[in-house]
Amino acid sequence: MRSIVPFAATEPKSRLDSVLTTDERAAFARVMLRSVLSTLRDAGHKPTVLATAPLDETTLPAETPVVVDDQPLTAAVNDQLAAAESPTLIVMADLPLATPDTIGRLTAASDDAGDDADIAIAPGLGGGTNALVVRDPAFRVDYHGASYLDHRAAAVDCGATVQTVDSRQLATDIDEPSDFAEVLIHGDGAARVWLDDAGFELDTSGGRVGVRRR
Ligand SMILES: Nc1nc2c(ncn2[C@@H]2O[C@H](COP(=O)(O)OP(=O)(O)OP(=O)(O)O)[C@@H](O)[C@H]2O)c(=O)[nH]1
Ligand SMILES: C[C@H](OP(=O)(O)O)C(=O)O
């Protein structure tokens with residue numbers, strides 16, 4: 001199975017701009033990217049990064065192919081799907097809690113007859129699509145908005161079987177500063193180390209869970 005990790009290489013993670021500088025966002029996005037790539041490797045995949053601009057490949061795990069395509073996300077992924085000769089796994093680069101086991105659950109998702117699901121979706125909290133397996137050659141993505149619902153509908157439209165994989169680890173994408181709490185509570189990898197080093201910590205002083213920077 002081919003695996004692709006889309007990556008916004010220029011000015012990523014704009015929704016973190018209230019707590020991270022431009023350089024910090026670039027660095028943190030790359031830490032999360034490397035984490036996802038390592039997880040996919042550990043799950044037995046050989047991921048390709050689909051990036052909007054060239055990357056310093058020495059900072060990626062050895063022998064990680066990078067395809068540069070400056071089109072918007074949906075068009076770039078759909079061109080990859082149109083050219084695919086085998087099933088494709090698409091995993092976003094901002095899932096620092098993803099594990100090889102959860103990736104395995106997604107790729108092993110089956111339909112009611114016990115066959116591989118044509119489309120397997122790991123939704124994000126809030127309705128996005130954090131990871132996706134595409135086995136139907138007619139299926140195309142449409143990211144942003146409630147893309148989980150749109151992708152389920154698109155699967156039905158092309159007569160594909162569709163399965164949802166309910167995983168907190170795959171559902172946790174890091175978009176907003178409040179999402180750091182999930183990494184500080186559950187994370188033990190490089191993204192957690194980066195947030196610790198950058199001075200982020202849980203703030204439970206008000207009786208609720210928040211995040212503050214020292
Ligand atoms: N190839 C490609 N990847 C993208 C593009 N936009 C976002 N991504 C990647 O798609 C995944 C989900 O991205 P988003 O959370 O929607 O966008 P983001 O740039 O990470 O963050 P925001 O600027 O806060 O929206 C991440 O892996 C991004 O790196 C794009 O235009 N092209
Ligand atoms: C790409 C987009 O990500 P979000 O902006 O929801 O994190 C989606 O999942 O459709």
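**Two ligands in a predicted model**

A backbone N or O atom of L50 lies 2.9 Å from a nitrogen atom of ligand 1. That is a good place to start. Keep in mind that this model is predicted.

Stay with ligand 1. Two further residues reach its oxygen atoms. The backbone of A8 offers a polar atom 2.8 Å from an oxygen atom of ligand 1. K13 uses its side chain instead: a polar atom there is 2.9 Å from an oxygen atom of ligand 1. On its own, ligand 1 would expose 610 Å². The protein buries 84% of that area.

Now widen the view. Ligand 1 is surrounded by 16 residues. The closest are P6, A8, K13, S14 and A93. Sort the shell by class, and you find eight nonpolar, four polar and four charged residues. As for its location, ligand 1 sits in the largest pocket.

Next, turn to ligand 2. Where does ligand 2 lie? The space it takes is the largest pocket, too. Around ligand 2 you will find R15, L73, G128, T129, Y143, H144, S147, D173 and D175. In this shell, two residues are nonpolar, four are polar and three are charged.

Which atoms come close to the oxygen atoms of ligand 2? Look at T129 to begin with. One of its backbone N or O atoms is 2.7 Å from an oxygen atom of ligand 2. D173 takes part through its side chain, where an N or O atom is 3.1 Å from an oxygen atom of ligand 2. R15 also uses its side chain, with a polar atom 3.3 Å from an oxygen atom of ligand 2. Taken alone, ligand 2 exposes 300 Å², and the protein buries 84% of this.

R15 deserves a second look. Side chains of opposite charge can pair when their charged atoms come close. R15 forms a salt bridge with D175, and the closest N and O atoms of the pair are 3.6 Å apart. Why does this pair link distant parts of the sequence? R15 lies in the loop between β1 (2-7) and α1 (22-42), while D175 lies in the loop between α5 (168-171) and α6 (180-186), so the salt bridge ties together parts that are 160 residues apart in sequence. Both R15 and D175 also belong to the residues around ligand 2. In total, the model has nine salt bridges.

Technical notes. Residues numbered from 1 in each chain as written. Chains lettered and ligands numbered in written order. Predicted model: local features only at pLDDT ≥ 70, side-chain atom pairs only at ≥ 80, totals over all residues. Heavy atoms only, no water. Near = heavy atom within 4 Å. Polar contact = N/O pair within 3.5 Å; in protein donor to acceptor, adjacent residues only side chain to side chain. Areas by Shrake-Rupley, 256 points an atom, 1.4 Å probe, with all protein chains shown as cover. 1 Å grid on protein atoms, 1.4 Å probe; cavity = no way out; pocket = protein on both sides within 12 Å on 5 of 7 lines; lining within 4 Å. Sits in = over half its atoms within 2 Å of the grid points. Nonpolar A, V, L, I, M, F, W, Y, C, P; charged D, E, K, R; others polar. Salt bridge = Lys/Arg side-chain N within 4 Å of Asp/Glu carboxyl O. Helix = DSSP H or I, 4+ residues; strand = E, 2+ residues; numbered from the N terminus.
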